[in-house]
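Hello,

Here is the structure I said I would pass on. My notes on it are under the model.

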Amino acid sequence: MFATIWLPKFYLQAATRHQPELRDEAIAVLDGEATKAVLLEINDKAERAGVGAGMAPSQGLARCLSLIIKARALTQEQCLTDLLLEHAFSLAPFVEATGRGTCVVQFTDWRRVTEKAHDVVERLARLDVIARVGIATNADTSLLAAHAATPVLLVETALEFLAPLPIETLAVG
């Protein structure tokens, strides 16, 4: 049994975690490491205003004059990664960081897995971190389940879960 813990909008969470006053604003995170500066992630309010990830900052501002553009917060990203791993290791000793804001936990003891996952989501929420957890019999399905979770999703039958998903879902990760 595997559980994937996923922090949606990882770069955005890292950049704004300690600024709750910005939660109601249109925000984008700038990827300053790219050859051409682009907006890496945007929040829902920016998306509703027509801003999209991958746009140049000037394009985003043209669509939403009140858009707040934040630079990536590398130190905060590392702190968020450390928090994620710390909480993952509280579930089981077999943990693999598989990407920014994503890690997979392999369980040897399947009892109360869903309850433990809810506990991790709640503990992270108290630290102002939004997390989603997908649980399945294989790691790939647990990743897809994490992206569909609100906040925890246990997939008991992979075929029933995967069959209705659009092919675009495979781009997750």
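What follows is a summary of the sheets, one strand in some detail, one helix and an aromatic pair. Please keep in mind that this is a predicted model.

**The five-stranded sheet**

One open sheet has five strands in the order β5-β6-β1-β7-β8, and its pairing is mixed. The edges are taken by β5 (94-99) and β8, each with a single partner strand, so one side of each has no neighbour in the sheet. From one strand to the next, the twist averages 15 degrees.

Within this sheet, β1 pairs with β6 in the antiparallel sense over five bridges. On that side, I5 has C103 of β6 as its bridge partner. Strand β1 is also joined to β7 by five bridges, and these two run antiparallel as well. Opposite F2 in β7 stands A136, and opposite W6 in β7 stands R132.

Helix α4 (residues 74-89) lies across β1, β5 and β6, and runs at about 10 degrees to β6.

**Strand β1 and T4**

How much of β1 is covered? Five of its five residues are buried. F2, T4 and W6 point one way from the strand, while A3 and I5 point the other way.

T4 is the residue of β1 that I looked at further. Its relative accessible area is 0%, so T4 is buried, the cut-off being under 20%. Which side chain does the side chain of T4 meet in a polar contact? That of S142, at 2.6 Å. The T4 side chain also reaches the backbone nitrogen of L143, at 3.3 Å. Leaving out residues up to four places away in sequence, T4 touches T102, C103, V104, R132, V133, G134, A139, S142, L143 and A146.

**Helix α6**

S142 and L143 are also among the buried residues of helix α6 (residues 139-148); the full list is T141, S142, L143, L144, A145 and A146. The cover over these buried residues includes β1 (2-6), β6 (102-106), β7 (132-136), β8 (152-154) and α7 (158-162). At the start of α6, a side-chain oxygen of N138 comes to within 3.1 Å of the backbone nitrogen of D140.

**The three-stranded sheet**

There is also an open sheet of three strands, in the order β3-β2-β4 and with mixed pairing. Its edge strands are β3 (38-42) and β4 (68-71), each of which pairs on one side only. The twist here averages 40 degrees from one strand to the next. Strand β2 (residues 27-31) and β4 run parallel and are joined by four bridges. V29 has K70 of β4 as its bridge partner.

**The aromatic pair**

How many aromatic pairs does a search of the whole structure find? One. It is formed by F10 and Y11: the ring centres are 5.6 Å apart and the planes stand at 75 degrees, so the pair is edge-to-face, since planes over 60 degrees apart count as such. Both residues of the pair fall under the 20% cut-off for buried: F10 counts as buried because its relative accessibility is 2%, and Y11 counts as buried because its relative accessibility is 16%.

Regards

Definitions and conventions:
Residues are numbered from 1 along each chain as its sequence is written. This is a predicted model: local features need pLDDT of at least 70, side-chain atom pairs count only at pLDDT 80 or more; totals for chains, interfaces and linings use all residues. Side-chain values use heavy atoms; hydrogens and water are left out. Two strands pair if DSSP finds at least two bridges between them. Axes are lines fitted to C-alpha atoms, for helices over the stretch in contact, and angles run from 0 to 180 degrees between N-to-C directions. Buried means under 20% relative accessible area, exposed over 50%, partly exposed in between (1.4 Å probe, protein chains only). Contact means heavy atoms within 4.5 Å. A polar contact is a pair of N or O atoms within 3.5 Å; within protein, one must be able to donate a hydrogen and the other to accept it, and residues adjacent in sequence count only if both atoms are side-chain atoms. Rings of Phe, Tyr and Trp (its six-membered ring) pair if their centres lie within 6.5 Å; planes under 30 degrees apart count as stacked, over 60 as edge-to-face and the rest as tilted.
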